[in-house]
Amino acid sequence: MEGSGRAVKIGITCYPTYGGSGAVATELGLELARRGHEVHFITYDSPFRLRGYSERVFFHQVDTRMGRYPLFDHFPYTLALASKQHEVVLREGLDLLHVHYAIPHATTAYLAREMLNGERRLRVITTLHGTDITLVGQESSFYAITKFSIEQSDAVTAVSTYLRDETYRAFGCVTCDLKVIPNFVNLQEYRPGSGNGRAAIAPEAHKIVTHVSNFREVKRVKDVIRVFARIQHAMPATLVMIGDGPERVDAENEARDLGVSGDVRFLGRLDTVASLLQVSDLFLLPSQTESFGLAALEAMACGSPVVATRAGGLPEVVDDGVNGILEPVGSVEAMGRRAVELLRDPARHTAMRDAAVATAQVYSADRIVPMYEELYHEVLR
Ligand code: GMT
C-alpha cells in the first residue's frame with residue numbers, strides 16, 4: 001500500500017448532499033482507498049462526489065423506508081444511522097468511524113460504539129467543518145449534545161485554526177485535543193486549464209466571474225450579484241452561478257433589479273465544476289463566514305484568483321493582495337472596485353493567478369491526506 005503503516009478499515013459518515021463537508025469527506029475516502037485503505041460510506045444517499053466504481057470503496061445506505069410510518073411525524077434518522085453504523089462495523093470489521101459534521105454524526109458514532117458493548121474495539125474520529133460549530137451546534141437545543149459528542153470522540157479535527165479556536169471558545173471542550181487538519185484539493189482534477197471552453201459559457205470579449213455554493217444565507221449570494229454588477233458596469237462580463245439553495249430566487253431577483261440578469265447564468269447544481277473554474281477570471285465568495293472556504297481553494301487550484309470576505313478561516317487560505325482579495329463582510333463597493341482594478345491589469349492578474357495556483361499546492365491531497373492516516377494510526381495504537 002502507498003500510505004504509511006497498515007491498511008485501516010474506515011467507516012465514513014457525512015452529508016451526501018451538495019456541500020463542503022460532504023465533498024471533503026468523499027474526496028478523503030476516495031484518496032484513502034487509493035492509498036490502500038478500505039472505505040465504507042454510511043449515509044442515507046450516495047455522496048454526490050462518489051462517481052462510479054472505485055476499488056476498496058463501498059456504500060451502505062441507511063434504511064429510511066419506515067419514514068412514512070404514521071406514528072412518525074419526524075423520522076428518527078439518527079437512530080437508523082447509529083444502527084447502520086453498528087451493523088456495518090460488525091459485519092465489515094471496521095477499525096474506526098470517521099464522521100464529518102458533528103450533528104448528528106458524532107452522536108450516532110458514539111451510540112454505535114456504545115452498542116458494541118465491548119464486543120470489538122472501535123475508534124471514533126470527528127471532523128468539524130463549520131456551521132456544526134459556528135451556527136447549528138450553538139443553538140440551545142443542540143449545544144449540550146454537540147459538546148458531549150465531541151468530547152466523547154477519540155480524536156477531533158477542525159478544518160482551520162479559526163474553527164479550532166472557535167470550538168474552544170464556544171464549547172470549552174476541556175478534555176479534547178483539537179487537531180487542525182486543513183481541507184485539501186485533488187490537483188489531478190482541479191488544475192489550470194488551457195483556456196479552451198470559454199466560448200461555451202460567455203461571449204468572446206467577456207471576463208468570466210464565477211461563484212459556487214449551496215446558496216444558503218451565510219453565502220450572501222446577493223452580494224455576489226452586487227459585486228458583479230459593479231464589474232459589469234466597468235467591462236463586458238458574464239457571471240456563472242453554480243449551485244442551488246434557498247437564496248437562489250433572491251439572487252435572481254437582485255440580478256434583474258440591478259439590470260444585469262442578461263449576463264448572469266444560473267446553472268444549478270453540477271457534480272463537477274473544474275472545467276468551469278478553469279475558464280474563470282475571478283471567483284467571488286463574499287460569505288458572512290467560512291470555516292475554511294473549500295470552494296475558494298478549488299477555484300484557486302484552477303487558476304482563478306478569489307475575491308472573498310475577511311471572515312472566519314478565509315484569511316488562512318486567501319492572502320490579500322497576493323493570491324486574492326479580502327474585504328470586510330458586506331463591503332460590495334470595495335470588492336467591486338478592487339475586482340475591476342485587477343481585471344484591468346493583466347500583469348497583476350497573472351501574478352495573482354500564479355500565486356493562487358501555488359497556494360493550492362500547499363493544500364494538495366498528497367500533503368494533507370497523510371495527516372489523517374497518521375491520526376488513524378495514532379488512535380489505533
Ligand atoms: O457552507 C457550505 O457550503 C457547506 C458546509 C458544510 O459543512 O457542508 O461547509 C463548511 O465546510 C466546508 C468544508 O470543510 C468549508 O470549506 C466551509 O467553509 C464550511 N462552511 C462554513 O463554515 C459556512
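This tour goes from one part of the structure to the next, saying what to select and what is there.

The model is predicted, with local features described only where pLDDT is at least 70 and side-chain atom pairs counted only at pLDDT 80 or more, while totals for chains, interfaces and linings use all residues. Residues are numbered from 1 along each chain as its sequence is written, and side-chain values use heavy atoms, with hydrogens and water left out.

**Stop 1: the open sheet**

Begin by selecting β10, β9, β8, β11, β12 and β13, which in that order form an open sheet of 6 strands with parallel pairing. Strands here, like helices, are DSSP runs numbered from the N terminus, a helix being H or I over at least four residues and a strand being E over at least two, and two strands pair if DSSP finds at least two bridges between them. The edge strands are β10 (264–268) and β13 (324–327), each of which pairs on one side only. On average, and with direction ignored, neighbouring strands of this sheet are turned by 20° against each other.

Now zoom in on β9 (residues 237–242), which runs parallel to β10 and is joined to it by 4 bridges. Which residue of β10 stands opposite Val240? Select Arg265 in β10, and you have the residue that faces Val240.

Next add helix α10 (residues 294–301), which lies across β8 (207–212), β11 (282–285) and β12 (306–309) and runs at about 175° to β11. Helix α12 (residues 332–343) also packs on the sheet, where it touches β8, β11, β12 and β13, and its direction makes about 165° with that of β13. For such angles, axes are lines fitted to C-alpha atoms, for helices over the stretch in contact, and the values run from 0 to 180 degrees between N-to-C directions.

**Stop 2: a residue in a loop**

Select Ser280, whose place is in the loop between α9 (274–277) and β11. Is Ser280 buried or exposed? Its relative accessibility is 2%, so Ser280 counts as buried, a word that stands for under 20% relative accessible area, with exposed meaning over 50% and partly exposed in between (1.4 Å probe, protein chains only). Leaving aside neighbours within four places in sequence, Ser280 is in contact (heavy atoms within 4.5 Å) with Ile208, Thr210, Gly303 and Ser304.

**Stop 3: helix α3**

Move to helix α3 (residues 102–116), whose 15 residues reach 21 Å from the first C-alpha to the last, close to the 21 Å expected at 1.5 Å a residue. Of these 15 residues 12 are buried, so α3 is largely enclosed by the rest of the structure. Among the buried residues are Ile103, His105, Tyr110 and Leu116, and the buried residues of α3 pack against β1 (9–13), α2 (77–92), β4 (96–100), β5 (123–128), α4 (131–134) and α5 (140–152). Just after the helix, select Asn117, whose phi is positive, near 50°.

**Stop 4: strand β6 and its partners**

From β5, step across to β6, with which β5 pairs in the parallel sense over 4 bridges. In β6 (residues 155–158), Ala155 and Thr157 point one way and Val156 and Ala158 the other way, and all are buried. In a regular strand the side chains alternate between the two faces of the sheet. Thr157 is a useful residue to select, with Thr127 standing opposite Thr157 and Lys179 in β7 standing opposite Thr157 as well. Strand β7 (residues 178–180) runs parallel to β6 and is joined to β6 by 3 bridges.

**Stop 5: two helix pairs**

Two packed helices are described by the angle between their axes and the distance between the axes. Select α7 (residues 221–234) and α8 (residues 248–257), which pack at an angle of about 20° with their axes 8 Å apart. That makes α7 roughly parallel to α8, since angles under 35 degrees count as roughly parallel, over 145 as roughly antiparallel, 65 to 115 as roughly perpendicular and the rest as oblique. In this pair Val221, Lys222, Ile225 and Arg226 in α7 meet Asp250, Ala251, Glu254 and Ala255 in α8.

Finally, select α5 and α6 (residues 161–171), whose axes come within 11 Å and cross at roughly 120°, and which are therefore oblique to each other. The contact is made by Tyr143, Thr146, Lys147 and Ile150 of α5 and Thr167, Ala170 and Phe171 of α6.

Definitions and conventions:
Expected span 1.5 Å × (residues − 1).
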